[in-house]
Structures are given as C-alpha cells and as structure tokens.
Amino acid sequence: MLIVLSWCMDSVLTIGEVSRRSGVASSALRFYEECGLVSSVRAGSGHRRYPRSVLRRIAFIVFAQRIGLTLEEIGRELAKLPTDRIPARKDWARLSGEWTKRIDQRITELQRLRAGLTQCIGCGCLSIDKCELANPADRAGRRGPGPRYWLG
Ligand code: FES
C-alpha cells in the first residue's frame with residue numbers, strides 16, 4: 001500500500017513506454033521483474049504499470065551488467081534501496097561504496113585484458129614471440145592453471 005501511495009506521486013508508465021525509454025526489451029523487463037530487480041503494479045486491465053523512477057533502476061541494472069556484475073550482485077545492492085518510497089539521491093549514495101569497489105576491480109581487470117592483448121599472459125600456449133622471454137618452457141604453469149600473468 002505504501003508503494004502504491006508513493007507511486008501516486010510519480011507518474012506511471014506502461015511496459016512499452018518503459019521499454020522505449022530505457023532501450024530494454026519488454027521481455028528483459030519481465031525477466032528483471034521475475035528476478036525481483038524491478039517491480040510493477042497491475043492496472044485494472046491486468047497490464048503492468050511501472051513508476052517512472054524505475055528507469056533509473058533499469059539504467060543501473062544495464063550498466064552494472066555491462067561491467068560484469070551478476071544479477072545476484074545487482075539484486076543485493078538494489079535491495080538496499082527503500083521500497084516504500086521513490087529512492088532519493090542519499091539512498092543511491094548508500095550503494096556507491098560497494099559498487100565503486102567492484103567498478104574499480106573491473107577497471108583493473110579490463111586494463112589487464114587490454115595490456116594482455118599484445119603481451120604474454122602466461123596461459124601455456126607459448127604462441128607469441130613474447131612467450132619465449134616471459135614464459136620460457138611454460139614456467140608460469142607451475143603456479144597453477146589459467147593465464148597466470150593475468151591472474152596476478
Ligand atoms: S601468451 Fe600464452 S604462454 Fe605466452
């Protein structure tokens with residue numbers, strides 16, 4: 001009931017309108033809802049109605065997925081937002097600590113990936129000219145499986 005009252009203060013959108021504005025397919029929106037990442041109410045017709053504020057949640061979900069966060073991780077963070085009112089800036093700020101850490105980790109991983117495109121990554125392939133010097137006779141393999149120089 002509190003959610004519905006809060007939504008009255010916000011305009012409501014159909015799933016098609018949310019899809020058009022967010023750029024996310026209706027099927028994905030329904031999936032997000034099944035996962036508990038977003039919520040809607042049913043209109044008298046039975047169709048879904050979303051508060052306009054859902055667009056910010058969806059934008060975060062899409063970008064968090066792009067940087068490699070799982071839906072579970074995203075769900076855990078979004079669960080910190082209030083459900084009885086439209087999240088304010090201070091509510092979103094509560095999420096930023098953990099997300100900032102994860103984003104920094106992803107940036108580091110992506111930089112390593114970029115650097116690894118032309119470097120020996122210690123994967124055991126011995127296939128590029130740098131391997132002979134960086135990983136003679138697959139010395140990196142003694143440290144364990146996978147691209148050892150990427151894994152750190
Ligand atoms: S790139 Fe695979 S071992 Fe060097």
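1. In this predicted model, the side chain of Arg-56 is placed over the face of Trp-92, 4.7 Å from the ring centre. A second arrangement of this kind involves Arg-66, which lies over the face of Phe-63, also at 4.7 Å from the ring centre. As for rings paired with one another, the count comes to one aromatic pair.

2. The largest nonpolar core comprises 23 residues. Those touching the most other members are Val-18, Leu-29, Tyr-32, Ile-58, Ile-61, Ile-74 and Leu-78. At least two residues of this core come from each of the helices H2 (15-22), H3 (26-34), H4 (54-66), H5 (71-78) and H6 (89-116). The greatest contribution is that of H4, which provides six residues. In soluble globular proteins, nonpolar side chains tend to be buried together.

3. Ile-58 merits separate attention, as one of the core residues that touch the most other members. When neighbours within four places in sequence are set aside, Ile-58 is in contact with Val-18, Ser-22, Val-24, Leu-29 and Val-38. Among these partners, Val-18 and Leu-29 are likewise named with Ile-58 as touching the most other core members.

4. With regard to cysteines, the model contains zero disulfides under the distance rule applied, in which the two sulfur atoms must lie within 2.5 Å. Cys-123 has a relative accessibility of 39% and therefore counts as partly exposed. Cys-125 has a value of 42% and is therefore also classed as partly exposed. Membership of a nonpolar core requires a buried residue, and buried means under 20% relative accessible area; therefore neither Cys-123 nor Cys-125 qualifies for such a core.

Conventions:
Residues are numbered from 1 along each chain as its sequence is written. This is a predicted model: local features need pLDDT of at least 70, side-chain atom pairs count only at pLDDT 80 or more; totals for chains, interfaces and linings use all residues. Side-chain values use heavy atoms; hydrogens and water are left out. A nonpolar core is a set of buried Ala, Val, Leu, Ile, Met, Phe, Trp, Tyr and Cys residues joined through side-chain atoms within 4.5 Å. Buried means under 20% relative accessible area, exposed over 50%, partly exposed in between (1.4 Å probe, protein chains only). Helices (H or I, at least four residues) and strands (E, at least two) are DSSP runs, numbered from the N terminus. Contact means heavy atoms within 4.5 Å. Rings of Phe, Tyr and Trp (its six-membered ring) pair if their centres lie within 6.5 Å; planes under 30 degrees apart count as stacked, over 60 as edge-to-face and the rest as tilted. A charge sits over a ring if NZ of Lys or CZ of Arg is within 6 Å of the ring centre and within 35 degrees of the ring normal.
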